[in-house]
Amino acid sequence: MAEHVLDQVTLGALVIVRDKMMAQQAAGRKVYRLEVGDTSFDTPSHIRKAIIDALESGKTHYPPSTGLPALLAAMLKKMREENHLPIRDTDHVMVTIGGMHGLYMSFSALLNPGDEVILPNPMWSEIHELIRRPGGVPVPITLRPERNFLYDPAEIEKAVTPRTKAIYINTPHNPVGVVVSEATLKQIADIAVRHNLYVVSDEAYEHVIFDGLKHVSIGSLPGMADRTITCFTFSKTYAMTGLRLGYLASNDDVLVDRFRKLLRLTSNGVPSITQWGGIAALTGPQETTRQMMAELERRRDIFYDGLKSIKVFDAFKPQGAFYAWAKISDAWGGYNGAKDSWAMTNYLIDQAGIGTSPGVAFGSAGEGYVRFAFTVAPEVLIESIEVMQDLFNK
Ligand SMILES: Cc1ncc(COP(=O)(O)O)c(C=O)c1O
C-alpha cells in the first residue's frame, strides 16, 4: 500500500515500557508502576452514581454530537467563573472524548499542510503527532534547566515565521511539572497578538497544582478571547481517565464550524452516560477533588524528598501535574554499555521492576532524563525509593 501520513506516527516508547511492565507483572514479579499517568483514585461516588442512574433510567439514546445541553451549560459556567474565559455561549463549547480528542480536533481544524506550531521540548510526545497528522510542522522550543524549565518568550518570538499558525501551551506541564506564571503567559499572549497567531492551551492538569500556585488560563488574558482554543479534561481532576470525557472552547466561528463537522464525522457524540457523569462532576460537590489534589501534593513531597536521596538523580521539584522529571547523573555507570535515558529505563525495569519513562520519548531535550509518575499509593512510592536506594547508593 502507498505511504500514508499515519505511517510516520510513532507511539513507541511509552507503549514499550508499559508492555514490559505488564509482562513482568503477569509473570508474578513485584513491580512499581511509576510510568503510569493515571492516579490510583476511584472516580468519586456521586459521579459513579449519576452514570448508573443515567443508564438505568434509559438515558442511552443518541446525544447531540457536540454534547448534552445541560453539560455544555455546566462547562460554560465553570469556564466563565473559574477560568475567567469569556466564551460567548454554549455553541462555542464542544464535548470531546477526553482531552486527547479535543487536542486532535484543535490541530485538525487549525492546520493546513506546512503550517507551523511552536511547542515546548520536552513535551508529551502525542502533541507532536497530533500536529503532524494534518500535515503541520512542530517547532520545538527547549525548556532549559537553567531557566527552571520555564518557557522563554524571547525564544518563542524568535521561532515565529510566516508559516507559524499557533503556539501550544501546556500548564501545568507534562512531563516537567512546571507551572507557567501569569506574567509569562501575558508575554506569550502579547506575541500571539503581535503576530496574529492562535494559541492552543492544554489545561489537562489545571487542578493538579501545588504549593498554593494559581492556574491561569491564557484565553482569559487581554487580546486572547478570540484567538485561543482551550482544551480541558475530566481525566485528572475527577479521576475519570477511563470514562473519556473532555471539552474545548473557542469563540472563533470558523473553527467552531469545523469542530462541529469533525464531531459529526468522528465520535458523533461522547457516550451519553459518561456525559451525565460529567454533569454530576461539574455541578456536584468538589470536596473529593480537593482531597485527591491534596493527596497528590503529599505524594509529590514523599517522592521528591525520596528522590533527593538517590545519588544518580537530580530532580526538578514539580509544581503541578503528577510527574517527577529527574536528570541522570554523569556519574552513573550505565547499563549494557549505554548511559542514555533508555539505558536508565531498562536498568530500572530489569534490575528493580521500577517503571519509568525515558526522557527522550518527550523530545530531544528530554535525553538524559527520566520521568517518574507519583500516581500510585504512598507506600508503593516509599518502597520504590528504598529499592532505588539499594540499587544506586550501596
Ligand atoms: C499534557 C496532556 N494533555 C492532555 C492529556 C489528555 O488526557 P485525556 O485524553 O485522558 O483526557 C494528557 C494525558 O495524559 C496530557 O498529559
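Helices, in the account that follows, are DSSP runs of at least four residues, numbered from the N terminus. On that basis H7 is followed by asparagine 196, whose phi is positive, near 55°. The model is a predicted one, and this report treats two of its helices and the surroundings of its ligand.

**Helix H7**

Helix H7 comprises the 13 residues 182-194; at 1.5 Å a residue these should span 18 Å, and the end C-alpha atoms are indeed 18 Å apart, so expectation and model agree. Its buried residues are Thr184, Leu185, Ile188, Ala189, Ile191 and Ala192. Viewed down the axis of H7, these residues fall within an arc of 155° and therefore line one face of the helix. The general reason for such a pattern is that an α-helix has 3.6 residues a turn, so residues three or four places apart point the same way. Turned away from the buried side of H7 is a face that carries the exposed residues Ala183 and Arg194. The cover over the buried residues of H7 includes helix H6 (153-159), strand E4 (164-170) and strand E5 (198-202).

**Helix H2**

Helix H2 has twelve residues, 45-56, for which a rise of 1.5 Å a residue predicts a span of 16 Å; the distance between its end C-alpha atoms is 16 Å, which agrees. Ile47, Ala50, Ile51 and Ala54 are the buried residues of H2. They cover an arc of only 100° around the axis, which places them on the same side of H2. Ser45, Lys49 and Glu56, on the other side of H2, are exposed. Helix H9 (272-283) is included in what covers the buried residues of H2. After H2 comes glycine 58, whose phi is positive, near 80°.

**Ligand surroundings**

There are 14 residues around the ligand, of which Gly99, Asn174, Asp202, Thr233 and Arg244 come nearest. The table lists side-chain contacts to the ligand.

| Residue | Side-chain atom | Ligand atom | Distance |
|---|---|---|---|
| Aspartate 202 | polar atom | nitrogen | 2.6 Å |
| Tyrosine 205 | N or O | oxygen | 2.8 Å |
| Lysine 236 | N or O | oxygen | 2.8 Å |

On its own the ligand has 400 Å² of accessible area, and the protein covers 92% of this. Aspartate 202 thus appears twice in this description: among the residues that come nearest to the ligand, and as the residue with a polar side-chain atom 2.6 Å from a ligand nitrogen.

Technical notes. Residues are numbered from 1 along each chain as its sequence is written. This is a predicted model: local features need pLDDT of at least 70, side-chain atom pairs count only at pLDDT 80 or more; totals for chains, interfaces and linings use all residues. Side-chain values use heavy atoms; hydrogens and water are left out. Helices (H or I, at least four residues) and strands (E, at least two) are DSSP runs, numbered from the N terminus. The expected span of a helix is 1.5 Å times one less than its number of residues. Buried means under 20% relative accessible area, exposed over 50%, partly exposed in between (1.4 Å probe, protein chains only). The arc is that of the directions from the helix axis to the C-beta atoms. Contact means heavy atoms within 4.5 Å. A residue is near a molecule or strand if one of its heavy atoms lies within 4 Å of it. A polar contact is a pair of N or O atoms within 3.5 Å; within protein, one must be able to donate a hydrogen and the other to accept it, and residues adjacent in sequence count only if both atoms are side-chain atoms. Accessible areas come from the Shrake-Rupley method with a 1.4 Å probe; for residues, only the protein chains shown count as cover.
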